[in-house]
Amino acid sequence: MDDSRIEKPKLGEPYLLTPGPLSTSYAVKQAMLCDWGSWDGDFRAMTAELRQMLLEMTGDKNDILDCVPMQGSGTFVVEAMLGSLLAKDTKTLVLSNGAYGLRIAKILKILGRAHVLIDKGDYLPPRGTEVASALKADPNITHVVVVHCETSSGILNPIKEIADVVKTHGRKILIDSMSAFGAIPLDINEIDYEAIVSSANKCIEGVPGFGFIIAKKDALEAAKGNAHSLSLDVYDQWQVMNNTGQWRFTPPTHVVAAFLTALHAHKAEGSVAGRGARYAKNRDVLVKGMRALGFETLLDAQWLSPIIVTFFAPEDRAFKFDTFYQLLKEKGFIIYPGKLTIVDSFRIGCIGQLDQHVMVELCEAVGQALETMGVKSAAAPQVAINERKKLNTELETN
Ligand SMILES: *Cc1c(COP(=O)(O)O)cnc(C)c1O
């Protein structure tokens, strides 16, 4: 095993094995120990640099894209993208396989934008063929929205397959790449998107406080006058930022400073490829260690994302999630409850300032927690195994 390891949290705080906010480096936290004037030249240069560095990850050689940061959590940016880029006469096909896909449909409902939903339930990925049929059947559909990594289960959706179908049918695709951007390639030359969104506190490993839209400039141009909201108007934010270098309203200055430090660390690690490789290693070590303890993952190996992994809760009655959570927290690890409707589960994130050594230590702590609770077997109940079989067969034959 590689000896170099990521520095432990200096303040003794637990590792966050969650999909954001996540564990950040000390350097990222330290970058916030200064105050900036939002109108000042130094801060405007920081904003310009972060926009530029994000665009560098897209493979945009022809300068067709631009990046618009926006205050708020990730959902604010999803809502800003939808409200700004979808004109009032558009009709959108929403592809959902989890909580974040359903949230997109809910936003469109509140915005009063016409939409239809393909709901695949808890985890099954939307596939190109069904998108093609939906687009053929309804010529009024102008846009498709999809989640890149559905963080509620951890499944990586087949984004290229879907984007190609959308393009073939002459429609446009918007992508919620919140938990994937920066660790999983999203090259504009490969995947011809209209816009994507992500936020500061996911794979770039910054702290929470803003998100960003990366969109085609002609889509931003066309967004003029679409927005339902003053503060979430992407066109207006873009115009003001290009004209003055400033954010329209108070920017999260410290968060921006932390993000720039995080971006430089991301680049030094080998950008998207380097970051993705570390997360994939985290996942592999985690899954191997948990399987050795008797746990089962929801998904078969080829569908496991390097972002977050869902495990079934053991059938053993001595297993109580709340106790398990507390025992792990005492040992310095914060994990994440599951979101599946049919069976009990929990999730462990692979993103943030974590490496394979942390994953080994976590698995040791999990083993100790099982012992303390008196759990004899971590095996999943039969219903979970049946679900898993059904799901993975469907994934294969799809
Ligand atoms: C984190 C996340 C969001 C945004 O969630 P917030 O809590 O608003 O930051 C949206 N979509 C996906 C897929 C996510 O992982």
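**Exercise 1. Work out the make-up and the place of the second largest pocket in this predicted model.**

Let's start with chemistry. The lining of the second largest pocket splits into 10 nonpolar, 5 polar and 5 charged residues.

Next, find the centre. 20 residues line the second largest pocket, and Glu13, Leu22, Ser23, Thr24 and Lys29 are the closest to its centre. The space inside comes to about 250 Å³.

Now look at the secondary structure. Strand S1 (15–16) and helix H1 (26–30) each contribute at least two lining residues.

Finally, place the pocket among the domains. Because domain 1 (3–21 + 271–397) and domain 2 (34–268) both give residues to the lining, the second largest pocket lies between them.

**Exercise 2. Describe the largest pocket in the same steps, and decide where it lies.**

Chemistry again opens the solution. For the largest pocket, the lining residues divide into 10 nonpolar, 9 polar and 3 charged.

Then take the volume: the largest pocket holds about 290 Å³ of space. Its lining has 22 residues, of which Thr75, Tyr100, Arg103, Met178 and Lys202 are the closest to the centre.

Which elements give two or more residues to this lining? They are helix H3 (74–85) and helix H4 (99–111). H4 gives the most, with 4 residues.

One step is left, the domains. Both domain 1 (3–21 + 271–397) and domain 2 (34–268) give residues to the lining of the largest pocket, so this pocket lies between them.

Key:
Residues are numbered from 1 along each chain as its sequence is written. This is a predicted model: local features need pLDDT of at least 70, side-chain atom pairs count only at pLDDT 80 or more; totals for chains, interfaces and linings use all residues. Side-chain values use heavy atoms; hydrogens and water are left out. On a 1 Å grid over the protein atoms alone, a cavity is a set of points where a 1.4 Å probe fits but cannot get out, and a pocket is an open set with protein on both sides within 12 Å along at least five of seven lines; lining residues have an atom within 4 Å of a point. Grid points are joined across faces, edges and corners, and a volume is the space filled by probe spheres set on the points. Ala, Val, Leu, Ile, Met, Phe, Trp, Tyr, Cys and Pro count as nonpolar, Asp, Glu, Lys and Arg as charged, and the others, Gly among them, as polar. Domain bounds come from an automatic or database domain assignment.
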